[in-house]
Amino acid sequence: MSRPVRFNIKEKDKNDWGINTVEMPDGHMGEGFFATSLDKVVGLARKNSIWPLPFATSCCGIEFMATMGSHYDLGRFGSERVGFSPRQCDLLMVMGTIAKKMGPIVKQVYLQMAEPRWVIAVGACASSGGIFDTYSVLQGIDQVVPVDVYVPGCPPRPEAIIDGILRIQDLVHNESLRRRNGDQYKGLLESYGIQ
Amino acid sequence: MALTNEFIKSRLTEKFGPSITGMEEPYGMLSVTVPRDLNLKVLNFLFDEPELGFRFLTDLTAVHYPERTGEELCVVYHLHNLVENIRIRLKVYAPVEKPDVYTATGLFSGANWMERETYDFFGINFVGHPNLKRILNVDEMDYFPLRKEFPLEDQTRIDKDDDMFGR
């Protein structure tokens, strides 16, 4: 009697190593060398190894857990390593309602992250306060920290969160290495009271 | 002998006379109104009397009635006799201009945070409370959000316009 479930019945393609690779940036290539600009290499490396720091306070956090799980698998985009220490992480993901009393904590977590750092506001509450137009809820985390990408939805589906991550990846990929030293960026931080 | 609402009422009127008013029993739960300066005496009486034994403070909160001049704020105590499984509700009215009510922290340690919460949202000044400051809201808040004159929506924001958000 054959087994009801059978495994490994497909012949493997010997040329497919099962490894995800990224496109090579533009550059000059010859025998034994490849030359491109540092911006592109650094952007490529950063883009595909973002360490997210989840700051999950409510239902958007549950959607994020589904996003991290095997079905949607954020690991496909190089972000499977979720760090719970702000000092190690590149991307602050704020998911859920942030009360006004929580605002200073979000800001402190942001300050503890090392440059370069990015912020994604997942869901209506983190982006704008959402349905909680009330005295106790912070009306969008952009009142305390600068935000790079807003993901709409209440809560957003995992596909939407992945889309937000991909937009963050675009930002990371195309960011100039001088941006964080520029006057515009410093002015942005100063407008939030961050040196 | 099972403790009944009639017995509690008779003991209260026997001890405090006509100063206890507004006795009613909505949904079978005895509810009485106590003068502001007698609240601790009544709480102590209900706590200490062996036949009454209301030794558990279930809840302490407040209600704002803007239309009742002179008694706008109502502090509500819910007490529970855990042996007889009988509950009682005490109401103490205070004017909004000077909402001073004596603290129950001497009798119930659990009243400490409940009174801080009531202060936080209604601005009741619990006289004698050891640490009367805000507990749930941000310390910078300069009003008492559950009083009826303050709208629910956050008034400090400028980004949501009234047409789009129905305000």
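**Exercise 1. Is A:Ser191 buried or exposed, judging by its C-beta neighbours inside 10 Å?**

Step 1. Count: A:Ser191 has 9 C-beta neighbours inside 10 Å.
Step 2. Apply the cut-offs: a residue is buried if 20 or more other C-beta atoms lie within 10 Å of its own, exposed if 12 or fewer, and partly exposed in between, with C-beta atoms placed from the backbone.
Step 3. A:Ser191 therefore counts as exposed.
Step 4. Locate the residue: A:Ser191 is found in helix α6 (residues 183–191) of chain A. Helices here are DSSP runs of H or I with at least four residues, strands are runs of E with at least two, and both are numbered from the N terminus.

A word on the model before going on. It is predicted, so local features need pLDDT of at least 70 and side-chain atom pairs count only at pLDDT 80 or more, while totals for chains, interfaces and linings use all residues. Residues are numbered from 1 along each chain as its sequence is written, and chains are lettered from A and ligands numbered from 1 in the order in which they are written.

**Exercise 2. What confidence does the predictor give chain B and the complex?**

Step 1. Recall that pLDDT is the predictor's confidence in each residue, from 0 to 100.
Step 2. Chain B has a mean pLDDT of 89, and 92% of its residues reach 70 or more.
Step 3. For the complex, the predictor gives an ipTM of 0.77 and a pTM of 0.82.
Step 4. Keep a caution in mind: where pLDDT is low, the predicted coordinates should not be read in detail.

**Exercise 3. Which residues of β5(A) are buried on each side?**

Step 1. On one side, A:Trp118, A:Ile120 and A:Val122 are buried.
Step 2. On the other side, A:Val119 and A:Ala121 are buried, so both faces are covered.
Step 3. Five of the five residues of this strand (residues 118–122) are buried, so β5(A) is largely enclosed by the rest of the structure.
Step 4. Look for a partner: β4 (residues 91–95) of chain A pairs with β5(A) in the parallel sense over five bridges. Two strands pair if DSSP finds at least two bridges between them. One of the bridge partners is A:Trp118, which matches A:Leu91.

**Exercise 4. What is the strand order in the open sheet of chain B, and which strands stand at the edges?**

Step 1. The five strands of chain B come in the order β1-β2-β5-β4-β3, with mixed pairing.
Step 2. β1 (21–24) and β3 of chain B stand at the edges; each has a single partner strand, so one side of each is left without a neighbour in the sheet.
Step 3. Zoom in on one edge: β1(B) and β2 (residues 30–34) of chain B run antiparallel, joined by two bridges. The partners are B:Thr21 with B:Thr33 and B:Glu24 with B:Ser31.
Step 4. These two strands form a hairpin with five residues between them, and B:Tyr27 in the turn has a positive phi of about 55°.
Step 5. Now add a residue of β1(B): B:Met23. B:Met23 counts as partly exposed because it has 14 C-beta neighbours inside 10 Å. Leaving out residues up to four places away in sequence, B:Met23 touches B:Lys9 and B:Val32; two residues are in contact if their C-beta atoms, placed from the backbone, lie within 7 Å.

**Exercise 5. How many residues does α3(B) have, which of them are buried, and what covers them?**

Step 1. Helix α3 (residues 111–122) of chain B has 12 residues and reaches 16 Å from its first C-alpha to its last. That is close to the 16 Å expected at 1.5 Å a residue, where the expected span is 1.5 Å times one less than the number of residues.
Step 2. The buried residues of α3(B) are B:Ala111, B:Met114, B:Glu115, B:Thr118, B:Tyr119, B:Phe121 and B:Phe122.
Step 3. Their cover includes β3 (56–64), β4 (73–81) and β7 (125–127) of chain B.
Step 4. After the helix comes B:Gly123, with a positive phi near 75°.

**Exercise 6. How many residues does each chain bring to the contact?**

Step 1. Chain B brings nine residues and chain A brings seven.
Step 2. Sort the chain B side by class: four residues are nonpolar, one is polar and four are charged. Here Ala, Val, Leu, Ile, Met, Phe, Trp, Tyr, Cys and Pro count as nonpolar, Asp, Glu, Lys and Arg as charged, and the others, Gly among them, as polar.
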